Structures are given as C-alpha cells and as structure tokens.
Amino acid sequence: MSQTFDWGAVRDSLPLLLQGFRVTLLATVLGTLVAAVLGLAIAVAGRAPSRWVSVPVKTVMEFVRATPLLVQLVGAAAVFTSVEPLTIGIVVLGVHYATYTSEVYRAGIDGVPKGQWEACRALSLPPRRTWQAVILPQAVRNVLPALGNYAISMFKETPFLAVITVQEMVFEARKYGTDHFAYTEVFTLAGLVFLVASYPTSLLMRKLEKRLGH
C-alpha cells in the first residue's frame, strides 16, 4: 500500500523548520563574513615577500582544503567542548570557505592591471595605501559574484552542522520526522525552503556577474 502524503505534518512542522531556518541563516551570514574577511587576509598574506609568512599560510590552507568539512566540524567539537556548537559551526564554516575565497581574492588581485601597481610605485605610495586605495577596491569589485556563489554553497552545506547538534533546519526536520514518522513530508518541505531561499539568490549573483562584466 502506498503511503499518503500527510499535509498535516507539513503544516505542523513548518514552525519548527522556520525556527531552524533562522539558525541556518545566521550560520550562513556569519560564516560568510568570517570567510570573506579571513579569505582576504590569507590572499594578502600568501603574497608576502617573506617565506616565513607565505609558506605556513599556504600549508594551513592546503590542509584545510584537503580535509572534509564534516571531519573538521567533528574534530573542532571534540577539541573545544566548552564552546557553543553554533559558534563552532560558524567558525569552521568560515575557515573552511576562507581557503576557497582566498583563491577568489587572489585571482581578483592578479586581475588588477600591472599599470596600477606601477603607478603606485611611481607615486611612492606606501604599501598599505596601495592596497587600501587602489588594489583591493578593484579586486573585490571583480570577485563579488564568486563570493556570493560561495555563500550559497555554504548555505546548502549548513545541514552538516546537525552532526555537532546545532539545531538548524535539517536537524529540526530529522527530529520531527523521528517523533512523528513523517520523514518524507518534513524533508520535502526542508528541501523546498532551501530552494526558495537559494534560487533567487543564485539568479541575483548571475545578474550581478553580468553587470560587472560590462
């Protein structure tokens, strides 16, 4: 006998899933901020003339990129047992994605015309002024769509936070499904919420990319 889709379960679980969605959104926003700031710092540090700076930064970056996000979450939760799981999740997401956004920043920095660097040297601008006033404004503008795409990817990977007991949307869906034997309904609803939230953002990033490309 085929199972009937229980619309009552959809109605009853929606408030719980929206509560979890707020946690999902919070983790995504704060994790994206960490990834954006730390990624920029990694990109700049990776170009440092001193190998004592650039080599350790690149080594740590490769280590983080070579290990699964799930392993990083579980490992961080096991080490930092006194820290709130949501805080751990935000930091791990941010650090993990910072290793990817750093490559985006690097490409943006490399895309700045060489004449801009030469003009700064000709004007005897100090390095800090060169980066702040000339290089970074151009580089960041060019990579905004790519950073937005990584934010969307992070949003879709927040369900991994459930393994460290962060009560995000998929955590709430699984809990409701276990209590009421309505897995199909709640996970379908959770998937629709992810779709409704991420698809318009993806279209916005495409539009921004086309606009910046002209």
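These legends describe close-up views of a predicted model.

**Figure 1. The whole chain is built from helices.** The secondary structure comes to 8 helices and 0 strands. Read along the sequence, the pattern is α-α-α-α-α-α-α-α. The C-alpha trace spans about 75 × 45 × 25 Å along its principal axes. The chain has 214 residues, and 38% of them are buried. About 12,700 Å² of the chain is exposed. Carbon and sulfur atoms supply 65% of that area. Contacts between residues at least 6 apart in sequence were also sorted by separation. Of these, 77% join residues at least 24 apart.

**Figure 2. Helix α6 has a kink at L144.** Helix α6 covers residues 127-157. The kink at L144 is about 50°. The proline P145 follows shortly after the kink. How far does α6 span between its end C-alpha atoms? The span is only 37 Å. A straight helix of 31 residues would span 45 Å, at 1.5 Å a residue.

**Figure 3. A nonpolar patch lies on the surface.** Five residues form the patch: L25, L26, V29, L30 and L33. Together they have about 400 Å² of accessible area. One of them, L26, sits in helix α1, which runs over residues 7-45. Is L26 buried or partly exposed? L26 counts as partly exposed because its relative accessibility is 38%, and the partly exposed class runs between 20% and 50%. An α-helix has 3.6 residues a turn, so residues three or four places apart point the same way.

**Figure 4. T165 has a positive phi in a loop.** Most residues other than glycine have a negative phi. T165 is not glycine, yet its phi is near 65°. Where does T165 lie? T165 is in the loop between α6 and α7. Helix α7 covers residues 169-180.

**Figure 5. F181 combines a positive phi with an exposed position.** The phi of F181 is near 50°. This is a positive value in a residue other than glycine. F181 lies in the loop between α7 and α8. Helix α8 covers residues 183-213. Is F181 buried or exposed? F181 counts as exposed because its relative accessibility is 69%, and the cut-off for exposed is over 50%.

Terms used:
Residues numbered from 1 in each chain as written. Predicted model: local features only at pLDDT ≥ 70, side-chain atom pairs only at ≥ 80, totals over all residues. Heavy atoms only, no water. Helix = DSSP H or I, 4+ residues; strand = E, 2+ residues; numbered from the N terminus. Buried < 20%, exposed > 50% of the residue type's maximum accessible area, 1.4 Å probe, protein only. Expected span 1.5 Å × (residues − 1). Bend = angle between axes of the 7 residues up to and from the residue. Patch = residues over 30% accessible without salt bridge, like charges linked within 9 Å, V, L, I, M, F, W, Y side chains within 5 Å. Areas by Shrake-Rupley, 256 points an atom, 1.4 Å probe, with all protein chains shown as cover. Salt bridge = Lys/Arg side-chain N within 4 Å of Asp/Glu carboxyl O. Contact = heavy atoms within 4.5 Å.
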